[in-house]
Amino acid sequence: MPPTLTDLSRDPWLRSDVDALIGANMPAYMSWESPGNWRWHGMYDLYPAHQLCLLDGDGRLLAAANGLPIRWDGSASSLPSGSDGVLVEAVDHGPPDRPDAVCMLSVSVDAGHRAAGLAALLLGEVRRRAAEDAPRGVVIPVRPTRKPRYPLIPIDVYAAWRRPDGSCFDPWLRTHLDLGATRLGIAENSLVIRQPVHRWEEFLGHPLPGPGDHPLPGALVPLRVTEDGYGTYTEPNVWVHHPAGLPTP
């Protein structure tokens, strides 16, 4: 039986399930305080129809895509700083009168259904809807899924890596490119989480006795600890653009 598509405007009771699914796919610190994370639930309140959900026959959440409409002139240089910047603008200033594009901030799939093509199904639905009211299509600050294995490699270098057959090395970036997306650039400061060192130590289970760059499980880049007693995780993402409308087979 194919999954059922719904959204938080129709089924607001799914909010906690969406949060749980996102949390299961990310390291715990990814939900800590950041300019964007402070406003995440504001996105649910203001843009519930853009929070897409796929359910199985028993009503269980299989996958979710979280996004919102944005103003964008179509140039790479005018893109926000990343997910933090998108959320600050969209939640603090409200919906644009005439959105230019949709920005997807998260696509999450239940671990037991990751080979079922659900992420591609959700991306296709977002593109289809964009054709109706967001003429510049869909932009996404992509979090490359394999990058945590290579935290010391600059994100622009990593994003350019190719497999022997010429396809993109990173599987999540490859999914976007195979669906017709193009790379627009790098969001160097997409998500910025600054917390006291003791909180990072509690998460890691070992001390961080001095400043410097420290390995962080699941992170795309190292954690930077400074003399002021804080550690800052500044995550870079890769901006991609999907044109509006379904991809050509």
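Guide: A salt bridge is a side-chain nitrogen of Lys or Arg within 4 Å of a carboxyl oxygen of Asp or Glu, and by this rule the count comes to 14. This is a predicted model, in which local features need pLDDT of at least 70 and side-chain atom pairs count only at pLDDT 80 or more, while totals for chains, interfaces and linings use all residues. Residues are numbered from 1 along each chain as its sequence is written, and side-chain values use heavy atoms, with hydrogens and water left out.

Visitor: What makes Asp 165 and Arg 163 a salt bridge?

Guide: The closest N and O atoms of Asp 165 and Arg 163 are 3.4 Å apart, which is within the 4 Å of the rule, and the pair therefore counts. Asp 165 is exposed at 58% relative accessible area, whereas Arg 163, at 33%, is partly exposed; these words mean over 50% for exposed, under 20% for buried and partly exposed in between, with a 1.4 Å probe and protein chains only.

Visitor: How do you know that Arg 129 forms a salt bridge with Glu 125, and how many residues apart are they in helix H4?

Guide: Their closest N and O atoms are 2.8 Å apart, again within the limit. The two residues lie 4 apart in H4, which separates them by about one helical turn; a helix here is a DSSP run of H or I with at least four residues, a strand a run of E with at least two, and both are numbered from the N terminus. Glu 125 is buried at 14%, while Arg 129 is partly exposed at 23%. Salt bridges with shared partners also join Glu 125, Arg 128, Arg 129 and Glu 132 into one network.

Visitor: Why is Cys 53 called buried, and what is its distance to the closest cysteine sulfur?

Guide: Cys 53 has a relative accessible area of 0%, and that is under the 20% limit. Its sulfur is 18 Å from that of Cys 103, the closest one, which is too far for a bond, since a disulfide is a pair of cysteine sulfur atoms within 2.5 Å. Cys 168 is likewise buried, at 5%, with its sulfur 19 Å from that of Cys 103, and the search of the whole structure finds 0 disulfides.

Visitor: What makes strand S2 mostly covered, and with which strands does S2 pair?

Guide: In S2, residues 51-55, 5 of 5 residues are buried, with Gln 51, Cys 53 and Leu 55 on one side and Leu 52 and Leu 54 on the other. S2 pairs in the antiparallel sense with S1 over 4 bridges and with S3 over 5 bridges; both numbers satisfy the rule that DSSP finds at least two bridges. Leu 52 of S2 stands opposite Ala 65 in S3.

Visitor: Why is the largest space called a pocket rather than a cavity?

Guide: On a 1 Å grid over the protein atoms alone, a cavity is a set of points where a 1.4 Å probe fits but cannot get out, whereas a pocket is an open set with protein on both sides within 12 Å along at least five of seven lines, and lining residues have an atom within 4 Å of a point. The largest pocket holds about 1,200 Å³ of space. Of its 44 lining residues, the closest to the centre are Asn 25, Met 26, Ser 106, Val 107 and Ser 108. S4 gives the largest share of this lining, 6 residues.

Conventions. Points joined across faces, edges and corners; volume = space filled by probe spheres on them.
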